[in-house]
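Please look through the structure shown below before reading the notes that follow. They are grouped by topic, so that each part can be checked against the picture in turn.

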Amino acid sequence: MLNLSSITARMAAPANGWTGFLDRPKSASQAFLVAGAAWFVIGTLYGLVSAIDLVAPELFNNIPWLVFGRSRPIHVNTVIYGFVTGLLLGSGLHYVPALLRTRLWSERLGWIGCFFWQLTVLSGPLTFSFGYSQGREYAEYLWVFDASLVISVVILLFDMLMTVASREEDTLYVSVWYFVGMLVWTCGVYPIGNVMWRPATGAVPGLLDSIFLWFYGHNLPGLVLTPLALGAAYYVLPRITNTPLYSHTLSLAGFWTLVALYSHIGGHHILQAPIPNWLKVYSVVDSMAMVIPVGIVLANLWLTARGRGGAIWRDPAGRFVMAGTLWYLITCIQGPFQSLPSVQTVTHFNNWTVGHAHIAVLGFSGFIALGALWHVLPLAAGRRLYSERLVNLQFGLIVTGLAGFFAVLTIAGLIQGSAWYNGEMVYRVLPQIGVYMALRAMLGMLIASAAILGLYNAVKTITSGEPVALSAASEEVNP
Ligand code: HEM
Ligand code: HEM
């Protein structure tokens, strides 16, 4: 059985000028991590602007680049690609080489990948603010920036495959499977879902477009966020508990059942549309079957951690990752339930889904991304975490904000859904949900403050965290 504690990183080569800096071990990982912490602040502030706009639309009336239609896509794309995916890519650039007992094949390629990735994320605020967008949810980036994201993924994939090829560890631990798998799938899912062969519109005509879009809109959580988050959780939790993984066989069973079941169920987003019936049935049945991979993964992680709950909840990073697995459980109980057409007659087209989206993207993948940040950043930087207290405060603020979000959005969604079901007009329901929209904006302030604290802590860690000898700081992963 692979024992991560035996793994020791090679010593860092001294940085030599600017180019030396680009070759410094783990510097690309740090670049992704710090950028991810910064995007958390920016993306979340745009979420706050969107939420305030829903409460007091007149506030931004004369500021076109802040109105809901523009701030919302900036919020959504920035938190998904900049914050969550960025942090998880950054932690993977550290843990994949560490688990393979080698260095990243080319640190410089890691930097180039990071550059093209950040360019795409930056294009969100820069182009959407002025109304330049491809106008399809989660696929708003303009073609040239889609291309830059794909270039980034291809470069990172090449770098990873070369790292795998030059490894000194025979066993491919499941985190490596998830990380490389995500890069392979994104090379397919992103260009297809963004209809990149039609650069002008990024769409195909008619109803078919909704099938393409939701194939992608669903695989973005399923084959991008989920594998990255699970890869990080499988790395961080055994290290903190100082135990081997409960079962490598189960970990691979979870991996393959995820691929088999998650890849084709996007139809559950458009059950009301006149798409083929077989596609609806297929997507609903396999949405239910998603309890299999989810159950396998959670059982494996929790059995790895059993008897060591104290160590996990005391560790600032472990607490984030463990809480992320709990949000995963709630998300994946709610997900299959709301895939049922009968349930969707009440829950679709309203704030219920927005509640699900936040516990999924922030609760599950975002919490694990933050846990990975606080666990990996000190290892990659060779410095101690600047402040554990700030991480704990950040945790408390986000848990409070997110639990509140889930409650108020679910209630608002049920009010909207049941009123419409009974034939009520949309405009007459709006006053009834006003208080929940105001509460969501207030709770958002907690999450925004937590993001700012996190950025401060991350920057202080790499600039003034207490240095630790690299051989000790980098990998001697304990599990
Ligand atoms: C068992 C697994 C899951 C199932 C069966 C599931 C099912 C669903 C369904 C049916 C919807 C559409 C609801 C509607 O429009 O009425 C939805 C929305 C959504 N889900 Fe999940 N979900 C699952 C897990 C996840 C995970 C793990 C994530 C994120 C990492 C996620 C992210 C989202 C997001 C962002 C939306 C909103 C999409 C939109 O903009 O309309 N889901 N989910
Ligand atoms: C200050 C904190 C936040 C506030 C106030 C906020 C607010 C909002 C608002 C107003 C929307 C638009 C909902 C609609 O269309 O009706 C939204 C959508 C969304 N937000 Fe946030 N958000 C915050 C933080 C986050 C974070 C940190 C994440 C992820 C890590 C996130 C993920 C999403 C996603 C995936 C959607 C799309 C939901 C859907 O279409 O169903 N949000 N948010």
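Helices here are DSSP runs of at least four residues, and they are numbered from the N terminus. With that naming, helix 3 gives the largest share of the shell around ligand 2, namely 7 residues. The model is a predicted one, and the points below take up its confidence and then its two ligands.

**Confidence**

- The protein chain has a mean pLDDT of 93, and 94% of its residues reach 70 or more.
- Residues 1-15, however, have a pLDDT below 50, although this stretch has 43 contacts in the model beyond near neighbours in sequence.
- Where pLDDT is low, the predicted coordinates should not be read in detail.

**The surroundings of ligand 2**

- Ligand 2 is surrounded by 25 residues, and the closest are Arg 72, His 75, Glu 137, His 358 and Gly 444.
- Two nitrogen atoms are named in separate pairs: a polar side-chain atom of His 75 lies 2.8 Å from a nitrogen atom of ligand 2, and a polar side-chain atom of His 358 lies 2.8 Å from a nitrogen atom of this ligand.- For Glu 137, a polar side-chain atom lies 2.9 Å from an oxygen atom of ligand 2.
- The elements that give two or more residues to this shell are helix 2 (27-55), helix 3 (68-99), helix 14 (351-381) and helix 16 (426-464).
- Sorted by class, the shell has 15 nonpolar, 7 polar and 3 charged residues.

**The iron atom of ligand 1**

- His 356 is the only protein donor of the iron atom of ligand 1, with its NE2 atom at 2.2 Å.
- His 356 has its place in helix 14, which is also among the elements that give two or more residues to the shell around ligand 2.

Note on methods
Residues are numbered from 1 along each chain as its sequence is written. Chains are lettered from A and ligands numbered from 1 in the order in which they are written. This is a predicted model: local features need pLDDT of at least 70, side-chain atom pairs count only at pLDDT 80 or more; totals for chains, interfaces and linings use all residues. Side-chain values use heavy atoms; hydrogens and water are left out. pLDDT is the predictor's confidence in each residue, from 0 to 100. Contact means heavy atoms within 4.5 Å. A residue is near a molecule or strand if one of its heavy atoms lies within 4 Å of it. A polar contact is a pair of N or O atoms within 3.5 Å; within protein, one must be able to donate a hydrogen and the other to accept it, and residues adjacent in sequence count only if both atoms are side-chain atoms. Ala, Val, Leu, Ile, Met, Phe, Trp, Tyr, Cys and Pro count as nonpolar, Asp, Glu, Lys and Arg as charged, and the others, Gly among them, as polar. Donors are N, O and S atoms within 2.8 Å of the metal (3.2 Å for Na, K and Ca); water is not among the atoms, so sites may look incomplete.
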